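Subject: Structure handover

Hello,

I am passing on the structure we spoke about. My notes on it follow below the display.

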Amino acid sequence: MANFHFELVSPEKLLFSGDVQQVDVPGVEGDFGVLADHAPMVTTLRPGILTVHSAGGAQKIVVLGGFAEVSSSGLTVLADLAEAAESIDRSVIATRIGELESRIAKTEPGSELDRLIARLDHYKAVDRHLTGTAMH
């Protein structure tokens with residue numbers, strides 16, 4: 001399998017930079033996989049599990065939003081927050097879930113409520129992946 005360059009950047013640091021075989025990305029419109037020579041694209045990330053496949057095996061990273069850009073030079077992910085799944089502070093996820101539930105309770109029906117509910121669903125899915133055996 002051909003390799004390509006991948007960089008994962010958060011506001012705090014460069015988390016990953018190197019050649020990989022595949023990256024599975026949690027896009028806002030659905031999960032997608034990137035291989036070498038993928039068509040160029042830019043998309044928004046949803047909270048989820050990003051999986052990096054390299055010669056050393058698969059590495060799972062929790063991302064809580066951001067952007068992904070596939071170009072001729074590879075894949076760059078700019079994540080709002082990113083942390084290795086095994087070292088994620090689950091209290092951050094629980095806090096975000098609590099904040100969203102509180103905002104939802106105070107929001108009138110409409111597109112803003114729909115957006116908040118979708119975001120809450122994403123955070124709950126991340127929490128399930130971190131606590132269960134369904135990590136992908």
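A residue counts as buried when its relative accessible area is under 20%, as exposed when that area is over 50%, and as partly exposed in between. By that rule, 37% of the 136 residues of the protein are buried. Please keep in mind that this is a predicted model.

Overall make-up

The protein has ten strands and two helices. In sequence order the strands come before the helices, in the pattern β-β-β-β-β-β-β-β-β-β-α-α. The C-alpha trace spans about 50 × 30 × 30 Å along its principal axes. The radius of gyration is 16 Å, which agrees with the value near 14 Å for a compact globule of 136 residues.

Of the contacts with a separation of 6 or more, 45% are between residues 24 or more positions apart. The accessible surface comes to about 7,400 Å², and carbon and sulfur atoms account for 51% of that surface. There are 11 positive and 19 negative charges, and the mean positions of the two sets lie 7 Å apart.

The cores

The largest nonpolar core contains 20 residues. Those with the most contacts inside this core are F6, L8, V23, V25, L50, L75 and V77. Two or more residues each come from β1 (4-9), β2 (14-20), β3 (22-27), β4 (30-34), β6 (48-54), β7 (57-63), β8 (66-71) and β9 (74-79). A second core, separate from that one, has 15 residues, including V62, L64, I104 and L120.

What does V23 contact, leaving aside its neighbours within four places in sequence? The list is F4, F6, F32, G33, V34, L50, T51 and L75.

Individual residues

V9 lies in strand β1. Its relative accessibility is 25%, so V9 counts as partly exposed. Not counting residues up to four places away in sequence, V9 touches L14, L15, V77, L78 and A79. One of these, L78, is 69 residues from V9 in sequence, but the two C-alpha atoms are 5.0 Å apart in space.

T43 is placed in strand β5 (residues 41-45). Is T43 buried or exposed? T43 counts as buried because its relative accessibility is 13%, and the cut-off for buried is under 20%. Beyond its neighbours within four places in sequence, T43 is in contact with F32, G66, F67 and A68. F32 is also among the contacts of V23.

D37 sits in the loop between β4 and β5. With a relative accessible area of 80%, D37 is exposed. D37 is not a glycine, yet it has a positive phi of about 65°.

I117 belongs to helix α2 (residues 111-131). Its relative accessibility of 34% is why I117 counts as partly exposed. I117 and G30 are 87 residues apart in sequence, and their C-alpha atoms are 16 Å apart in space.

If you want somewhere to begin in the viewer, these residues cover different settings: T43 is buried, V9 and I117 are partly exposed, and D37 is exposed.

Regards

Note on methods: Residues numbered from 1 in each chain as written. Predicted model: local features only at pLDDT ≥ 70, side-chain atom pairs only at ≥ 80, totals over all residues. Heavy atoms only, no water. Helix = DSSP H or I, 4+ residues; strand = E, 2+ residues; numbered from the N terminus. Buried < 20%, exposed > 50% of the residue type's maximum accessible area, 1.4 Å probe, protein only. Core = buried A, V, L, I, M, F, W, Y, C linked by side-chain atoms within 4.5 Å. Contact = heavy atoms within 4.5 Å. Rg over C-alpha atoms; globule rule 2.2 N^0.38 Å. Areas by Shrake-Rupley, 256 points an atom, 1.4 Å probe, with all protein chains shown as cover. Lys, Arg positive; Asp, Glu negative; His and termini not counted. Charge placed at Lys NZ, Arg CZ, Asp CG, Glu CD.
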